[in-house]
Amino acid sequence: MSLILFAFILILILVVIILCIRIVPQSYSFVIERLGAYQSTWGTGLHLKLPFFDRVANRVSMKERVLDFEPQPVITKDNVTMMIDTVVYFQITDPKLFTYGVENPLSALENLTATTLRNLIGELNLDDTLTSRDTINSKLRSILDVATDPWGIKVNRVEVKNIIPPDAIREAMEKQMKAEREKREAILIAEGEKQSAILVAEGKKQSMILQAEAEKEAAIKRAEGEAAAIKAVQGAKAEGIRLIKEAKADDAVIKLRSLEAFEKVGEGESTKIIIPSEIQSLAGLVSAVKEIK
């Protein structure tokens, strides 16, 4: 009987020891209380607690968490009510403060985010709210990070996910955006037409310049040709005179040549010809010679 009792007691002790062994997983921490008071924080690994005295008060995940809050109504400085929803990325850095710092820390973080967001938006106009997301995110993260330090929470990032203005404001914004797009389109069309007109004018200008240069070159070539022709004629005349001089022609030959020239003139349309006296005498001589023949 005593042997059975001893075995029972031994088995009971072993069960109690096994139940007092705790393994803390990676990225978790256990907050341990002894007789209702904080005792220690267990990190990753194998731990043994005192039976009947120690208990695990809280199992805390040390991973980064994400809280996606529902849209909150906020009022801007110019009294426009809009809906804004935020996303908060946070991480628990002190399991003890997270366990004992505030009742229901996640709910406290949500309410703190909503009130802080209302305060920030209340200092901005509608246009500033729509165009200053980065500024709002930065200020909101900074305020929340400082406020949650006593709770053992570190706020890593805060993102304003959606800003939903009233329907009337959205319609006015859409009309404004449409007007801006039409304005940009009209400007682009006008710029295109302007560039096209400039290119056409430049083309005409270049064409006129080229045509003028071509006419100039043609005139120069014609003038050069005429000059060459005149030079050739004058050269031929000079050569004829030189040959006459070399042949030692007398005055009668020269006058005879002059008479031949006047004969050619007489074949033209002129009705009146003035002949020098020396050539007139020569013409009489020629007539006499013809009669003798």
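## Helices, strands and side-chain pairings in a predicted model

The protein contains eight helices and nine strands, and the structure described here is a predicted model. Of the 293 residues in the protein, 20% are buried. The surface that the protein exposes amounts to about 20900 Å², of which carbon and sulfur atoms supply 60%. When contacts between residues at least 6 apart in sequence are considered, 63% of them join residues at least 24 apart.

Among the helices, H3 spans residues 105–121 and thus has 17 residues. The distance from the first C-alpha of helix H3 to its last is 24 Å, which is close to the 24 Å expected at 1.5 Å a residue. Several residues of H3 are buried, including Pro105, Ala108, Leu109 and Leu112 towards the start of the list, and also Thr113, Ala114, Thr116, Leu117, Leu120 and Ile121. An α-helix has 3.6 residues a turn, so residues three or four places apart point the same way.

Seven salt bridges are found in the structure. One of them is formed by Arg157 and Glu64, whose closest N and O atoms are 3.9 Å apart. This pair links distant parts of the chain, since Arg157 belongs to strand E9 (residues 153–164) and Glu64 to strand E6 (residues 64–68), with their positions 93 residues apart in sequence. Arg157 counts as partly exposed at 39% relative accessibility, and Glu64 is also partly exposed, with a relative accessible area of 39%.

A salt bridge also joins the side chains of Asp68 and Lys161, with an N to O distance of 2.7 Å. Here too distant parts of the chain are linked, for Asp68 lies in strand E6 and Lys161 in strand E9, 93 residues apart. Asp68 has a relative accessible area of 45% and is therefore partly exposed, as this value falls between the limits of 20% and 50%. Lys161, at 35% relative accessibility, counts as partly exposed.

A salt bridge within a helix is provided by Arg141 and Asp145, in which the closest N and O atoms are 3.7 Å apart. Because these two residues are four residues apart in helix H5 (residues 133–147), Arg141 and Asp145 are separated by about one helical turn. Arg141 counts as partly exposed at 28% relative accessibility, whereas Asp145 counts as buried at 15%. Elsewhere, salt bridges that share partners join Asp68, Asp85 and Lys161 into one network.

Aromatic rings were examined as well, and the count comes to one aromatic pair. The rings of Tyr38 and Tyr100 have centres 6.0 Å apart and planes at 80 degrees, so the pair is edge-to-face, an arrangement that requires an angle over 60 degrees. Because Tyr38 lies in strand E3 (residues 37–42) and Tyr100 in helix H2 (residues 95–100), the pair ties together parts that are 62 residues apart in sequence. Tyr38 is partly exposed, with a relative accessible area of 31%, and Tyr100, at 39% relative accessibility, likewise counts as partly exposed.

Charged side chains are also placed over aromatic rings. The charged end of Arg59 sits over the ring of Phe30, at 5.2 Å from its centre. In addition to its salt bridge with Glu64, Arg157 has its charged end over the ring of Tyr89, 4.3 Å from the centre of that ring.

How values were computed
Residues are numbered from 1 along each chain as its sequence is written. This is a predicted model: local features need pLDDT of at least 70, side-chain atom pairs count only at pLDDT 80 or more; totals for chains, interfaces and linings use all residues. Side-chain values use heavy atoms; hydrogens and water are left out. The expected span of a helix is 1.5 Å times one less than its number of residues. Buried means under 20% relative accessible area, exposed over 50%, partly exposed in between (1.4 Å probe, protein chains only). Rings of Phe, Tyr and Trp (its six-membered ring) pair if their centres lie within 6.5 Å; planes under 30 degrees apart count as stacked, over 60 as edge-to-face and the rest as tilted. A charge sits over a ring if NZ of Lys or CZ of Arg is within 6 Å of the ring centre and within 35 degrees of the ring normal. Contact means heavy atoms within 4.5 Å. Accessible areas come from the Shrake-Rupley method with a 1.4 Å probe; for residues, only the protein chains shown count as cover. A salt bridge is a side-chain nitrogen of Lys or Arg within 4 Å of a carboxyl oxygen of Asp or Glu.
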